[in-house]
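Let's take a walk through this structure together. Have the sequence and the 3D view open side by side, and follow along.

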Amino acid sequence: MRKLVVIALTLLLINCSVDNDSQITSYELASITSHDLPDEFVLGNTYDVRVDFVFPSDCNNFQAVDARRAGTTSEERSQIYISVVTAVVENSSCTRDVIGTSSSTKFVVTIDEERDYTFRFWKGQDGDEAIYEEVTIPVVMEQS
């Protein structure tokens, strides 16, 4: 059994190679420029929310939209932070000093709390401080 482990590790090490030309990927947030939140939410309904954003540079590619609740209590669950994550391939031939194009994506939110929902859309950074656009949407029991 010990010989099998040694042979397996040896084969694994032989098949792995270090390539100095490999691409390094980093991640950055894209500034959200607009959204299509409704004027009110109906308790129990699920909504697709579109967000428009601008890529930080010509080198960024869409990776994901991150829409997460602030926590697990009722008050925290009704506070949602939204950001758009982009990937940057560091060894590519793009231009980092050219602002990228605009694009859009969607996220889904289920309204399961009987209180107003506050959305915080990531706009950018001011030093170490994140800048958010804050939008509060009331929750109603039935569609008006």
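How many salt bridges does a search of the whole structure find? The count comes to eight. Keep in mind that you're looking at a predicted model, and we'll come back to those salt bridges once we have our bearings.

Start with how far to trust the picture. The chain has a mean pLDDT of 85, and 82% of its residues reach 70 or more. The stretch to be wary of is residues 1-20, where the pLDDT is below 50. Beyond near neighbours in sequence, that stretch makes zero contacts in the model.

Now for the overall layout. The chain's secondary structure adds up to two helices and nine strands. Reading from the N terminus, the order is α-β-β-β-β-α-β-β-β-β-β. The chain has 144 residues, and 28% of them are buried. If you take contacts between residues at least 6 apart in sequence, 68% of them join residues at least 24 apart. As for the outside, the chain exposes about 9400 Å², with carbon and sulfur atoms supplying 49% of that area.

Next, find strand β3, residues 46-54, and see who pairs with it. On one hand there's strand β1 (residues 25-35), which pairs with β3 in the antiparallel sense over four bridges. To spot this pairing on screen, look for Ile32, whose bridge partner in β3 is Phe53. On the other hand there's strand β6 (residues 102-110), which also runs antiparallel to β3, this time over nine bridges. Here the landmark is Val51, with Thr105 as its bridge partner in β6.

Thr105 is worth a click. This residue sits in strand β6 and has a relative accessible area of 14%, so it counts as buried. What does Thr105 touch, leaving aside residues up to four places away in sequence? The list is Val49, Arg50, Val51, Phe53, Phe62, Val65 and Val84. Two of the names we just met, Val51 and Phe53, are among them.

Let's turn to the aromatic rings. A ring pair is described by how far apart the centres are and by the angle between the planes. The structure holds nine such aromatic pairs. One of them joins Phe41 and Tyr47: the ring centres are 4.8 Å apart and the planes meet at 55°, so this pair is tilted. Both Phe41 and Tyr47 are buried. Another pair is Phe107 with Phe119, where the centres are 6.5 Å apart and the planes are at 45°, so this one is tilted too. Phe107 belongs to strand β6 and Phe119 to strand β7 (residues 117-126), so their pairing ties together parts that are twelve residues apart in sequence. Phe107 has 5% relative accessibility and counts as buried, while Phe119 is buried at 0%. Now highlight these four rings together with Tyr117 and Phe121, and you have one aromatic cluster.

Back to the salt bridges, as promised. Side chains of opposite charge can pair when their charged atoms come close. Where should you look? Try Asp112, in the loop between β6 and β7. Asp112 forms a salt bridge with Arg69, the closest N and O atoms being 3.2 Å apart. That pair links distant parts of the chain, since Arg69 is in strand β4 (residues 60-69), 43 residues away from Asp112. Asp112 also forms a salt bridge with Arg77, and here the closest N and O atoms are 2.3 Å apart. Arg77 lies in helix α2 (residues 74-77), so this pair ties together parts that are 35 residues apart in sequence.

Arg77 has another partner: its side chain meets that of Glu113 in a salt bridge, at 3.1 Å from N to O. Glu113 is in the loop between β6 and β7 as well, 36 residues from Arg77.

Which of these charged residues are buried, and which are partly exposed? Arg69 counts as partly exposed at 23% relative accessibility, as do Arg77 at 22% and Asp112 at 34%. Glu113, at 12%, counts as buried. Put the pieces together and Arg69, Arg77, Asp112 and Glu113 are linked in a network of salt bridges.

Technical notes:
Residues are numbered from 1 along each chain as its sequence is written. This is a predicted model: local features need pLDDT of at least 70, side-chain atom pairs count only at pLDDT 80 or more; totals for chains, interfaces and linings use all residues. Side-chain values use heavy atoms; hydrogens and water are left out. Two strands pair if DSSP finds at least two bridges between them. pLDDT is the predictor's confidence in each residue, from 0 to 100. Contact means heavy atoms within 4.5 Å. Rings of Phe, Tyr and Trp (its six-membered ring) pair if their centres lie within 6.5 Å; planes under 30 degrees apart count as stacked, over 60 as edge-to-face and the rest as tilted. Buried means under 20% relative accessible area, exposed over 50%, partly exposed in between (1.4 Å probe, protein chains only). Accessible areas come from the Shrake-Rupley method with a 1.4 Å probe; for residues, only the protein chains shown count as cover. A salt bridge is a side-chain nitrogen of Lys or Arg within 4 Å of a carboxyl oxygen of Asp or Glu.
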